[in-house]
Amino acid sequence: MTDARQSRIHRKTGETDISVAINLDGSGQAELDSGIGFFDHMLTALAKHGGFDLDVRCHGDLHVDGHHTVEDIGIALGKAFAQALGDKKGITRFGHALVPLDEALCEVVVDISGRPYLAWNVTFERERIGEMDTDLFEEFYRAFAMASSIALHVTCKAGRNAHHIAESGFKAFARALRMAVAHDPRALGMIPSTKGVL
C-alpha cells in the first residue's frame, strides 16, 4: 500500500456549505463542526473506530431544522469516501460488525458494490437526542450509501436507550467500513468482483 487513500470535497447549496476531508488510512483523528453536537459525537465515533481521519465543517440552515445539514453531510462524506477508495483494487470489499453498548446491540453489514442500497431496521423510542432528531440517522445512512454507491444494512438487535442505540450503530458502521476498505493481501492489484468492476 503506497498510494494515499484520501480526498477532499466541497459542496455548497442554498441550504448548506460543507467541506469534508477523509483519510481512510488515518489514526482516528476528527475535526468536526456540523453545528449539531450529538451528530459531531457520532462522527467522532465513526472516525475513531473506523481508523479514519475526518475533517467535517458545515454551515447549514439549522434555523429551519437539522435535516439538510445531516443529509448533505452524508452526501459529501459518501462522495469523499468513494473518491478516496479510488479504483478499489485489492480491497476486502465486504465488511460486518456487531457492536454492543450496554443494553443496545447494533449490526452493520456493508458491500462496496457500486450498487447503492440502504436496508434500515432501527427504531428509536424518542424523537430527539440532544438537538438531533432521531429520524435523521436514517437520512444520513441513506445519503452516504447513495453517494458512495455501497450496499448498507443497519439493524438494531436490542436496545432501549436512544443514545446507546445511535452510538452502537455508528461504531458498528465504522468497524464494518474499516473491514471493507482494508487491503486483502491475497487480492492486491485485483478488483474483488467476478464482473471485473465495482
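Start with the whole chain: of its 198 residues, 49% count as buried. This is a predicted model.

**Stop 1: the whole chain**

Keep everything selected and look at the overall dimensions. The C-alpha trace spans about 45 × 40 × 30 Å along its principal axes. The radius of gyration is 16 Å, which agrees with the value near 16 Å that a compact globule of 198 residues would have.

Colour by secondary structure. You should find 4 helices and 10 strands. Follow them along the sequence and the pattern reads β-β-β-α-β-α-β-β-β-β-β-α-β-α.

Now consider contacts. Among those in the chain with a separation of 6 or more, 77% are between residues 24 or more positions apart.

Switch on the surface. The accessible surface of the chain comes to about 9,300 Å². Carbon and sulfur atoms hold 48% of that area. Then colour the charges. There are 21 positive and 27 negative ones, and their mean positions lie 8 Å apart.

**Stop 2: the aromatic cluster**

Hide the surface and show the aromatic side chains. How many aromatic pairs does a search of the whole structure find? The count is 12.

Select Phe 140 and Phe 170 to see one stacked pair. The ring centres are 5.5 Å apart, with 25 degrees between the planes. This pair links distant parts of the chain. Phe 140 belongs to helix α3 (residues 136-148), and Phe 170 to helix α4 (residues 162-181). The two are 30 residues apart.

Are these two rings buried or exposed? Phe 140 has 0% relative accessibility, so this residue counts as buried. Phe 170 has 1%, so this one counts as buried too.

Next, select Tyr 141 and Phe 173. Their ring centres are 5.1 Å apart and their planes meet at 75 degrees, so this pair is edge-to-face. Here too the pair links distant parts of the chain: Tyr 141 is in helix α3 and Phe 173 in helix α4, 32 residues apart. Both Tyr 141 and Phe 173 are buried.

Widen the selection. Phe 38, Phe 39, Phe 81, Trp 120, Phe 124, Phe 137 and Phe 144 join Phe 140, Tyr 141, Phe 170 and Phe 173 in one aromatic cluster.

**Stop 3: Thr 69**

Move to helix α2, where Thr 69 lies. Its relative accessibility is 0%, so Thr 69 counts as buried.

Which residues does Thr 69 touch, not counting those up to four places away in sequence? Select Thr 16, Ser 34, Ile 36, Cys 58, Gly 60, Asp 61 and Leu 62. Look again at Thr 16. Thr 69 and Thr 16 are 53 residues apart along the chain, yet their C-alpha atoms are separated by 6.3 Å.

**Stop 4: the loop between α2 and β5**

Follow the chain out of α2 (67-85) towards β5 (94-101); Lys 88 sits in the loop between them. Check the backbone angles here. Most residues other than glycine have a negative phi. Lys 88 is not a glycine, but has a positive phi of about 70 degrees. Its relative accessibility is 11%, so Lys 88 counts as buried.

Go on to Arg 93, which lies in the loop between α2 and β5. Arg 93 also has a positive phi, about 80 degrees, although it is not a glycine. Arg 93 is buried, with a relative accessible area of 10%.

**Stop 5: Ala 21**

Select strand β2 (residues 16-23) and pick out Ala 21. Its relative accessible area is 11%, so Ala 21 is buried.

Show its contacts, leaving aside neighbours within four places in sequence. Ala 21 meets Ser 7 and Arg 8, and also Asp 53, Leu 54 and Asp 55. For a distance check, draw a line to Asp 33. That residue is 12 positions away along the chain, and the C-alpha atoms are separated by 13 Å.

**Stop 6: Lys 48**

Finish in helix α1 (residues 37-50), at Lys 48. At 48% relative accessibility, Lys 48 counts as partly exposed. The cut-off for exposed is over 50%.

What does Lys 48 touch, not counting residues up to four places away in sequence? Select Gly 28 and Arg 178. Then draw a last line, from Lys 48 to Leu 85. They are 37 residues apart in sequence and 19 Å apart in space, C-alpha to C-alpha.

Technical notes. Residues numbered from 1 in each chain as written. Heavy atoms only, no water. Phe/Tyr/Trp six-rings, centres within 6.5 Å; stacked < 30°, edge-to-face > 60°. Buried < 20%, exposed > 50% of the residue type's maximum accessible area, 1.4 Å probe, protein only. Rg over C-alpha atoms; globule rule 2.2 N^0.38 Å. Contact = heavy atoms within 4.5 Å. Areas by Shrake-Rupley, 256 points an atom, 1.4 Å probe, with all protein chains shown as cover. Lys, Arg positive; Asp, Glu negative; His and termini not counted. Charge placed at Lys NZ, Arg CZ, Asp CG, Glu CD.
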